[in-house]
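Student: I should like to learn how the terms used for a protein model are justified. May we take them one at a time?

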Amino acid sequence: MRLTAVSLLVLALAATGCTSSSDLESAVPASSGSAKTSRLAARTAPLVPAVDVGTTAGIPSPPQKPLAWGGPVPQSPAFRNIAPGPSVETPGNPMVTTVGMPMPAQRPVSALTPVSLPDMRPGLGVSPGGRSRIYSHSFRDAKPINFGKVSPRKMSVHGVDVSRWQGDIDWAKLRTQGANFAYIKATDGGDHLDPMFKTNWRKAKEAGVKRGAYHFFYWCRVASDQAEWFIRNVPKDPDALPPVIDVEYNGESSCKMRLSRAKVLEKMQVFMDMLERHYGKRPVIYTAPDFYKDNLRGEFLNYPFWLRAVAQHPSVVYPDRRWVFWQYSGSGLSQGVEGKIDLNVFRGGEGDWHDWVARN
């Protein structure tokens, strides 16, 4: 009768004696069980994400995209079920077996080169495609307004605008509360720099917030001087949002001049042309209802507008005007910042936001 594989194994053990676990370990070169080899197996293995993290504050995580090495990008830095990668036997690199897993007796040094993974740190939240994670808003309002069916609360991409009056901001916390973008006060007129601009500019980017700078326009100053002052103080960052010109009446200013509509448009055009040439991005126009009615209705149709409307929807306050940003509150409250903060929303969904940022 033929001997089975089990019978042969029993006979072999009887002839040579049982091999202990220590003997088995001693039969494998020490390098195969080293920490480097363990890390190498993890790096070369197909990575399986731990669990689907689902949504962040109600917003779905970005879709996974494959990397060049073929594995899906994990949505979390933690992985589980790391399976061993295949081993290949080559001349001078015989295969040995330990605990049922084939391992080469020697590994080339080049195989220890780490695999580069995209930066998925929570503070940055940048997806493999370079798109920023969108956080659902958790803002409150000291003076809430019922906008009815057109409430900004139903919109996807919220943001803030800040200046020195918000003090020392915890940008990482503010972002997770829903500040997916921020416009930061930079300059006034031709000689004033917001004392918190440089700090806010740097920290907002470190937290992964898409940010841009805005200039408060003075009607008693030469437009070209104001543009030069802004350019002198605001870095030319290709990742920044387009610059903003803030045009409105300011009763607190020492400049009480009310220019003609034609002069207003002329000065604005000079300022915006200089910024567009320097930064390569068409500026956004921020304004308020009274100033818009007197000067801007029907003008600058090829420019993006950021409209202040804290009591009614922009379609009511600014008839026939398309807009990109809507400032819907000046009394917002949020973790990460003390006191009140202006709240804004982008017109469109997450995909529209990413497309607009890419174009601008």
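**Terms and their grounds**

Tutor: Certainly. Please keep in mind that this is a predicted model. The protein chain has 10 helices and 14 strands, and of its 360 residues 41% count as buried.

Student: How much surface does the protein chain expose, and what share do carbon and sulfur atoms supply?

Tutor: The exposed surface comes to about 19500 Å², of which carbon and sulfur atoms supply 55%. As for contacts between residues at least 6 apart in sequence, 64% join residues at least 24 apart.

Student: Why is Val244 called buried?

Tutor: Val244, in strand β10, has a relative accessible area of 1%. Buried means under 20%, and therefore Val244 meets the term.

Student: What does Val244 touch, not counting residues up to four places away in sequence?

Tutor: Val244 touches Tyr183, Ala213, Tyr214, His215, Val284, Tyr286 and Trp306. Val244 and Trp306 are 62 residues apart along the chain, with 8.7 Å between their C-alpha atoms.

Student: Why does Lys185 count as buried?

Tutor: The relative accessibility of Lys185 is 12%. The cut-off for buried is under 20%, so Lys185 counts as buried. Lys185 is placed in strand β7, and its contacts beyond four places in sequence are Val162, Ser163, Asp194, Phe197, Tyr214 and Phe216.

Student: What makes the pairing of the side chains of Lys185 and Asp188 a polar contact?

Tutor: The two side chains are joined at 3.0 Å. A polar contact requires a pair of N or O atoms within 3.5 Å, and the value for Lys185 and Asp188 satisfies that limit.

Student: Why is Tyr249 called partly exposed?

Tutor: Tyr249 has 22% relative accessibility. Partly exposed lies between the limits of under 20% for buried and over 50% for exposed, so Tyr249 counts as partly exposed. Tyr249 is located in the loop between β10 (244-247) and α7 (261-279).

Student: Which residues are in contact with Tyr249, leaving aside its neighbours within four places in sequence?

Tutor: They are Arg258, Asp290, Phe291, Asp294 and Asn295. With Asp294, the side chain of Tyr249 makes a polar contact of 2.9 Å between side chains; with Asn295, the side-chain polar contact is 3.3 Å.

Student: How do you know that Arg258 lies over the face of Tyr249?

Tutor: Arg258 is at 3.5 Å from the ring centre of Tyr249. The term asks for a distance within 6 Å and a position within 35 degrees of the ring normal, and Arg258 is listed as lying over that face. Likewise, the charged end of Arg321 sits over the ring of Phe305, at 3.9 Å from its centre.

Student: How do you know that the buried residues of α8 line one face of the helix?

Tutor: In helix α8 (residues 289-296), the buried residues are Phe291, Tyr292, Asn295 and Leu296. Seen down the axis of α8, these residues fall within an arc of 100°, and so they line one face. Their cover includes β10, α7, β11 (284-287) and β12 (305-308). Just after α8, Gly298 has a positive phi of about 85°.

Student: Which residues of helix α5 are buried, and why are they said to line one face?

Tutor: Phe197, Asn200, Trp201 and Ala204 are the buried residues of α5 (residues 197-206). Down the axis of α5 they fall within an arc of 100°, so one face is lined by them. Among the elements covering them are β6 (158-162), α4 (171-176) and α6 (223-233). Gly208, just after α5, takes a positive phi of about 85°.

Student: How many aromatic pairs does the structure hold, and why is that of Phe346 and Trp356 called tilted?

Tutor: There are 26 aromatic pairs. The ring centres of Phe346 and Trp356 are 6.1 Å apart and the planes stand at 50°. Stacked applies under 30 degrees and edge-to-face over 60, so this pair is tilted. Because Phe346 lies in strand β14 (residues 341-346) and Trp356 in helix α10 (residues 350-359), the pair ties together parts 10 residues apart in sequence. Both Phe346 and Trp356 are buried.

Student: Which residues do ring pairs link into a cluster?

Tutor: The cluster links Phe181, Tyr183, Tyr286, Trp306, Phe325, Phe346, Trp353 and Trp356.

Conventions: Residues numbered from 1 in each chain as written. Predicted model: local features only at pLDDT ≥ 70, side-chain atom pairs only at ≥ 80, totals over all residues. Heavy atoms only, no water. Helix = DSSP H or I, 4+ residues; strand = E, 2+ residues; numbered from the N terminus. Buried < 20%, exposed > 50% of the residue type's maximum accessible area, 1.4 Å probe, protein only. Contact = heavy atoms within 4.5 Å. Polar contact = N/O pair within 3.5 Å; in protein donor to acceptor, adjacent residues only side chain to side chain. Arc of directions from axis to C-beta. Phe/Tyr/Trp six-rings, centres within 6.5 Å; stacked < 30°, edge-to-face > 60°. Areas by Shrake-Rupley, 256 points an atom, 1.4 Å probe, with all protein chains shown as cover.
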